[in-house]
Amino acid sequence: MNYIFEIKDKTGRKIRLTEKQWNHITSPSSLHPYMTNYLEEVKQTLEKPNMIVPNKYDDTKVNYYRFLKDRRQYLLVAVGLSNLRELWRFSPLLSNVGSF
């Protein structure tokens, strides 16, 4: 399996993003094709989030938030926790964290 990156988050969890996952997220037919330009911001969000919040709908997911000053929005990176602890899904840029 080819990884785009493998990092440790702020809490020491190992998180991986595979090429297959990234292609799925950024494909023109996906909900978030604009994320193609945000790979570095995704890594920064996982390494130095402003906050980490359990997903309120799914116990196996955690949401990482980081405020992007230049866009004046939060980037939400949703991580599915499994035995491999692989990064599997991104959500859009948000204006208001309270919406989740």
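Strand β2 first, residues 14-18. Of its 5 residues, 4 are buried, so this strand is largely enclosed by the rest of the structure. Keep in mind that we are looking at a predicted model.

Who is the partner of β2? Strand β1, residues 3-8, pairs with β2. The sense is antiparallel, and the pairing runs over 5 bridges. The two strands form a hairpin, with 5 residues between them. In that turn, look at Gly12. Its phi is positive, about 95 degrees.

Now the cross-strand detail. Which residue stands opposite Arg16 of β2? That is Glu6. Glu6 also has a salt bridge to Lys14, with the closest N and O atoms 3.9 Å apart. Put these together and you get a network of salt bridges linking Glu6, Lys14 and Arg16.

How covered are these side chains? Glu6 has 41% relative accessibility, so it counts as partly exposed. Lys14 is partly exposed as well, with a relative accessible area of 36%.

Stay in this part of the chain for another salt bridge. Arg13 meets Asp9 here, side chain to side chain, at 3.5 Å from N to O. Is Asp9 buried or exposed? Asp9 counts as buried because its relative accessibility is 5%, and the cut-off for buried is under 20%. Arg13 has a relative accessible area of 25%, so it is partly exposed.

Let me step back to the whole chain. We have 2 helices and 6 strands. What is the order along the sequence? It reads β-β-α-α-β-β-β-β. The chain has 100 residues, and buried ones make up 40% of them.

On contacts, take those with a separation of 6 or more. Residues 24 or more positions apart account for 39% of them. The accessible surface of the chain comes to about 6300 Å². Carbon and sulfur atoms hold 48% of that surface.

Next, the second hairpin. β3 and β4 run antiparallel, joined by 4 bridges. The hairpin connection between them is 6 residues. Across the pair, Ile52 stands opposite Tyr64 in β4.

The loop here is worth a stop. Asp58 lies in it, between β3 (51-54) and β4 (61-68). Which side chains does Asp58 meet? One is Thr60, through a polar contact of 2.7 Å. Another is Lys61, through a salt bridge of 3.3 Å, N to O.

Compare the cover on the two ends of that salt bridge. Asp58 is at 23% relative accessibility, so it counts as partly exposed. Lys61 is at 18%, so it counts as buried. The line between the classes is 20% relative accessible area, which is why the two residues get separate labels.

One more point on Asp58. Along the chain, Gly80 is 22 residues away from Asp58. In space, their C-alpha atoms are separated by 9.2 Å.

And the salt bridge count? Searching the whole structure gives 4. Among them are Lys14 with Glu6, Arg13 with Asp9, and Asp58 with Lys61.

Now aromatics. How many aromatic pairs does a search of the whole structure find? It finds 1. The partners are Phe67 and Tyr74, in an edge-to-face arrangement. Centre to centre, the rings are 5.1 Å apart, with 65 degrees between the planes. Phe67 is at 34% relative accessibility, so it counts as partly exposed.

Last stop, Arg72. Where does it sit? Arg72 is in the loop between β4 and β5 (73-80). Arg72 is not a glycine, yet its phi is positive, about 55 degrees. Most residues other than glycine have a negative phi. On cover, Arg72 reaches 67% relative accessibility, so it counts as exposed.

To recap the places to click on. Start at β2, with 4 of 5 residues buried. Go to the Glu6, Lys14 and Arg16 network. Move to Asp58, and find its contact with Thr60 and its salt bridge with Lys61. Then see the Phe67 and Tyr74 pair. Finish at Arg72 with its positive phi.

Key
Residues are numbered from 1 along each chain as its sequence is written. This is a predicted model: local features need pLDDT of at least 70, side-chain atom pairs count only at pLDDT 80 or more; totals for chains, interfaces and linings use all residues. Side-chain values use heavy atoms; hydrogens and water are left out. Buried means under 20% relative accessible area, exposed over 50%, partly exposed in between (1.4 Å probe, protein chains only). A polar contact is a pair of N or O atoms within 3.5 Å; within protein, one must be able to donate a hydrogen and the other to accept it, and residues adjacent in sequence count only if both atoms are side-chain atoms. Contact means heavy atoms within 4.5 Å. Accessible areas come from the Shrake-Rupley method with a 1.4 Å probe; for residues, only the protein chains shown count as cover. Rings of Phe, Tyr and Trp (its six-membered ring) pair if their centres lie within 6.5 Å; planes under 30 degrees apart count as stacked, over 60 as edge-to-face and the rest as tilted. Two strands pair if DSSP finds at least two bridges between them.
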